[in-house]
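Reader: I've just opened this one and I'm not sure how to read it. Could you take me through it, feature by feature?

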Amino acid sequence: MNNSVKLPVDIVLSPEWWFYNEKITFDEDFFFHPQRRVEVEQKMEKVLYERWGNFGLGIHHKEQRPEIGAVHLAAGYLLSEMMGCKVNYTESHPPQVIAADQDKLSIDVPAVFESAAFKRTIALIDQLKSKYGYVTGDINWGGILNLAMDVRGNQILMDMMMEPEAVKGYFAQIAEVILKFTSIVKQHTGTTSISVNRVLRHLEKPVFLHSECSHTMISAEDYQEFLLPFDVAWSKQQQAFGIHYCGPDPHRMAEQFAQIPHLDFLDAGWGGDIKALRKALPDTFLNIRLSPVEIINQSNEQIENTIIKLVKDSGDTCLTGVCCINIDDKVTDDKIATLFKTVEELRKENAE
């Protein structure tokens with residue numbers, strides 16, 4: 001996959017960082033009030049520009065951009081709310097989804113798009129479009145198993161053993177919701193998944209990025225049977241397809257990932273064996289994720305060495321990116337600067 005810059009790098013600061021450093025709050029208005037959407041996203045751009053503008057952050061700080069979703073946060077909540085989960089919006093944390101623990105293995109797809117959560121999202125888009133003439137950005141849409149665990153609760157893991165065929169039908173209904181929702185968003189903005197990982201904004205084609213955070217809880221065999229078929233189908237349907245796997249063991253699924261006809265992008269969770277993934281996926285863009293927890297106590301030199309090692313393990317700088325997601329307020333600015341400086345040096349070395 002082509003990208004606008006070799007070794008693209010990006011960060012996402014946690015809600016706690018924004019709250020304690022810039023007093024930005026994350027109540028419902030942050031997500032759904034049209035003017036506040038625009039004002040706060042611009043404020044975030046300005047903060048990024050003031051702190052790390054020399055590394056290319058905050059390039060839109062002079063613009064009022066009608067972002068339909070929180071493109072500077074890692075927050076999946078909306079589709080869960082649309083399917084019946086309660087979501088708690090608080091000042092200093094991301095939206096907290098409360099599992100609905102629904103007692104049935106079925107989703108009323110038309111009803112999902114009659115929900116209050118969906119209607120106010122469409123109202124937000126319409127209001128922004130009416131004022132600005134266009135909208136941009138997108139909304140983190142989660143993934144099939146992630147959403148199933150929100151709606152059905154942990155019972156879905158037992159269902160996979162006890163009622164496999166019913167679960168496959170249930171997952172197909174969730175997939176239908178995802179495809180309908182993302183197609184609506186893409187019609188308005190042209191993208192679906194920048195809110196899943198901001199590194200995607202550096203790539204040539206808009207990637208459809210399937211979040212598989214919960215796959216650490218299932219076996220590779222269960223992934224093969226229940227969820228790989230959706231990834232295979234989506235890889236054939238989408239202009240570019242990717243998987244977001246933020247858990248520490250993406251290499252455990254390497255054999256299955258290699259069966260996907262067009263896996264253009266893999267967000268490889270911290271702790272993943274990048275060498276093993278590259279061996280299995282020689283043509284896939286591997287996005288290396290640094291641990292936002294470990295960098296709190298790491299020295300700048302340790303951060304630098306970690307990045308150098310992981311990029312080397314990936315083996316192809318044209319098919320490698322670097323990110324750190326959900327950096328909290330305990331991480332100092334100089335550590336973030338080290339992340340960007342190290343990648344800049346690696347770019348120079350690989351350009352020679």
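Author: Sure. Let's start with one word: two residues are in contact when they have heavy atoms within 4.5 Å of each other. Keep in mind, too, that this is a predicted model.

Reader: Okay, so what share of the contacts with a separation of 6 or more comes from residues 24 or more positions apart?

Author: In this protein, such pairs account for 73% of the contacts with a separation of 6 or more.

Reader: And what about the overall build? How many helices and strands are there?

Author: You'll find 15 helices and eight strands in the protein. Along its principal axes, the C-alpha trace spans about 55 × 50 × 35 Å.

Reader: What does the radius of gyration say about the 352 residues?

Author: The idea is to compare the value with what a compact globule would give. For 352 residues that would be near 20 Å, and the protein has 20 Å, so the two agree.

Reader: How do I read the surface, then?

Author: Start with burial: a residue counts as buried when its relative accessible area is under 20%. Here 57% of the 352 residues count as buried. The accessible surface comes to about 14500 Å², and 49% of that belongs to carbon and sulfur atoms. As for charge, there are 35 positive and 50 negative side chains, with the centres of the two sets 4 Å apart.

Reader: Can we zoom in on a helix? How far does α3 reach?

Author: Helix α3 covers residues 34-52, which is 19 residues. From its first C-alpha to its last it reaches 27 Å, close to the 27 Å expected at 1.5 Å a residue.

Reader: Which residues of α3 are buried, and what do they pack against?

Author: The buried set includes P34, V38, V40, M44, V47, L48 and W52. Charged residues are in it as well, among them R36, R37, E41 and E45. The buried residues of α3 pack against β1 (9-13), α1 (15-22), α2 (28-32), α6 (116-132) and α15 (333-351).

Reader: Now a single residue in a loop. Is V135 buried or exposed?

Author: V135 counts as buried because its relative accessibility is 4%. Its place is in the loop between α6 and α7 (144-152). Setting aside neighbours within four places in sequence, V135 is in contact with P66, I68, I125, L128, K129, H188 and T189. Take H188 from that list: it sits 53 residues away from V135 along the chain, yet the two C-alpha atoms are separated by 6.5 Å.

Reader: How does P94 look when I read it that way?

Author: P94 is in the loop between β2 (86-88) and β3. At 30% relative accessibility, P94 counts as partly exposed. Again leaving aside neighbours within four places, P94 is in contact with P15, E16 and N88. The C-alpha atoms of P94 and H72, 22 residues apart along the chain, are separated by 11 Å.

Reader: One last thing: what should I look for in the backbone angles?

Author: Check the sign of phi. Most residues other than glycine have a negative phi. Here K23 has a positive phi of about 60° although it is not a glycine. D101 also has a positive phi, of about 50°, and is not a glycine either.

Reader: Where are K23 and D101 found?

Author: K23 is in the loop between α1 and α2, and D101 is in the loop between β3 (96-98) and α5 (109-112).

Reader: And are they buried or exposed?

Author: K23 counts as exposed because its relative accessibility is 61%. D101 counts as exposed too, at 52%.

Methods:
Residues numbered from 1 in each chain as written. Predicted model: local features only at pLDDT ≥ 70, side-chain atom pairs only at ≥ 80, totals over all residues. Heavy atoms only, no water. Helix = DSSP H or I, 4+ residues; strand = E, 2+ residues; numbered from the N terminus. Expected span 1.5 Å × (residues − 1). Buried < 20%, exposed > 50% of the residue type's maximum accessible area, 1.4 Å probe, protein only. Rg over C-alpha atoms; globule rule 2.2 N^0.38 Å. Areas by Shrake-Rupley, 256 points an atom, 1.4 Å probe, with all protein chains shown as cover. Lys, Arg positive; Asp, Glu negative; His and termini not counted. Charge placed at Lys NZ, Arg CZ, Asp CG, Glu CD.
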